[in-house]
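Me: I should like to go through a protein model by question and answer. Please show the sequence and the structure before we begin.

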Amino acid sequence: MSDLYNINVDFGDVANILDEYNIDYHECSRTFKTTPSCPHYALGEYVDENKSVKWNKEEIKKRNAIYNAEKEKLLLEKDNALYNIKEKYADKLSLLFPTLTNKEIIYAIEVVDDKQHGSDCYIDTEYSIYMLLLYLANIKTFKEKM
C-alpha cells in the first residue's frame with residue numbers, strides 16, 4: 001500500500017488492471033480493420049482505358065471519395081472501440097480512486113501514453129500512470145478540504 005499523497009492505493013492492484021487494459025487495447029488496435037474494401041486510385045491511373053481522360057479523372061475522384069469516406073468511418077469505429085476499452089478500465093480504476101472521475105482517469109492514461117510514445121527513454125508506463133492518478137487524487141482531495 002502506498003500512502004503517498006495520503007491516499008491508500010496498492011500499486012499491484014493498479015498494475016493488474018493496467019496489464020489487462022494494455023492487452024485489450026493493443027489487441028483491439030491490432031485486429032480492428034481500417035482498410036476499406038474498395039481500392040484507392042493514384043492520380044494518372046485509369047479505370048477504363050476505353051473512356052476519355054476527363055471521364056477517368058472524374059471517376060477516380062468519385063471512387064477515391066468513396067474510399068476516403070469508408071476509411072474515415074472505419075477509423076471512427078476503431079477510435080470508438082478503443083475509447084470504450086478505456087472507459088471499461090476507467091470504471092475499474094475508479095473503484096481504487098473514488099475521488100476521480102472516469103474522464104480524469106482516461107486523461108491520465110492518455111497523457112502518460114502520449115509521453116511514452118514520444119520519449120527516447122523507457123519509463124514504466126504502469127508506474128507513471130499510477131503516480132499521475134495519485135497526484136490527481138491528491139489535488140482533488142486537497143481542493144475539497146479547502
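The exchange below moves from the overall fold to individual side-chain pairs.

Me: What kind of model is this, and what is the mean pLDDT of the chain?
Reply: The model is predicted, and confidence is therefore given for each residue as pLDDT, from 0 to 100. In the chain, 82% of the residues reach 70 or more. The mean pLDDT of the chain is 81.

Me: Which helix has the highest confidence, and which the lowest?
Reply: Mean confidence in helix α2 is 93, the highest in the chain. At the other end stands the helix of residues 125-145, with a mean of 71. The highest is thus α2 and the lowest is α4.

Me: Where does pLDDT stay under 50, and how many contacts beyond four places in sequence does the model have there?
Reply: One such stretch is residues 1-5, for which the model has 15 contacts beyond four places in sequence. Another is residues 119-123. For residues 119-123 the number of these contacts is 2.

Me: How many helices and strands does the chain have, and what pattern do they follow?
Reply: The secondary structure comes to 4 helices and 0 strands. Read along the sequence, the pattern is α-α-α-α.

Me: What share of the residues is buried, and what share of the accessible surface belongs to carbon and sulfur atoms?
Reply: Of the 146 residues in the chain, 32% are buried. The accessible surface of the chain comes to about 9900 Å². The share of that surface belonging to carbon and sulfur atoms is 54%.

Me: Among contacts with a separation of 6 or more, what share joins residues 24 or more positions apart?
Reply: This share concerns contacts in the chain with a separation of 6 or more. Residues 24 or more positions apart account for 68%.

Me: How many aromatic pairs does the structure hold, and is the pair of Y21 and Y25 stacked, tilted or edge-to-face?
Reply: The structure holds 2 aromatic pairs. In one of them, Y21 and Y25 lie 5.4 Å apart, centre to centre, with 35° between the planes. Planes under 30 degrees apart count as stacked and over 60 as edge-to-face, so an angle between these limits has the remaining name. The pair of Y21 and Y25 is tilted.

Me: In which helix do Y21 and Y25 lie?
Reply: The two residues are 4 residues apart, about one turn of the helix. Both Y21 and Y25 are buried. The helix that holds them spans residues 11-31 and is α1.

Me: Why does the pair of Y21 and Y89 tie together separate parts of the sequence?
Reply: Y21 and Y89 form an edge-to-face pair, 5.8 Å centre to centre and with 70° between the planes. Y21 belongs to helix α1 and Y89 to helix α2 (residues 53-96), so the pair ties together parts whose distance in sequence is 68 residues.

Me: Are Y21 and Y89 buried or exposed?
Reply: The limit for buried is under 20% relative accessible area. Y21 has 2% relative accessibility, and Y89 has a relative accessible area of 3%. Y21, Y25 and Y89 form one aromatic cluster. By the limit, Y21 and Y89 are buried.

Me: Which residue lies over the face of W55?
Reply: The distance from the ring centre of W55 is 5.0 Å. The residue over this face is K51.

Me: How many salt bridges does the structure hold, and how many residues apart are E20 and K92?
Reply: The structure holds 6 salt bridges. One of them joins E20 and K92, whose closest N and O atoms are 3.0 Å apart. E20 lies in helix α1 and K92 in helix α2, so that the pair links distant parts of the chain, 72 residues apart.

Me: Which residue forms a salt bridge with E27, and is that partner buried or exposed?
Reply: The side chains of E27 and R30 meet at 2.5 Å, N to O. Both residues lie in helix α1, 3 residues apart. E27 is partly exposed at 38%. The partner, with 62% relative accessibility, is exposed: R30.

Me: In the salt bridge of R63 and E59, which residue is buried?
Reply: The two side chains meet at 3.0 Å, N to O, and both residues lie in helix α2, 4 residues apart. R63 is partly exposed, with a relative accessible area of 30%. At 15%, the buried residue is E59.

Terms used: Residues numbered from 1 in each chain as written. Predicted model: local features only at pLDDT ≥ 70, side-chain atom pairs only at ≥ 80, totals over all residues. Heavy atoms only, no water. Phe/Tyr/Trp six-rings, centres within 6.5 Å; stacked < 30°, edge-to-face > 60°. Buried < 20%, exposed > 50% of the residue type's maximum accessible area, 1.4 Å probe, protein only. Lys NZ or Arg CZ within 6 Å of the ring centre and 35° of its normal. Salt bridge = Lys/Arg side-chain N within 4 Å of Asp/Glu carboxyl O. Contact = heavy atoms within 4.5 Å. Areas by Shrake-Rupley, 256 points an atom, 1.4 Å probe, with all protein chains shown as cover. pLDDT = per-residue confidence, 0-100.
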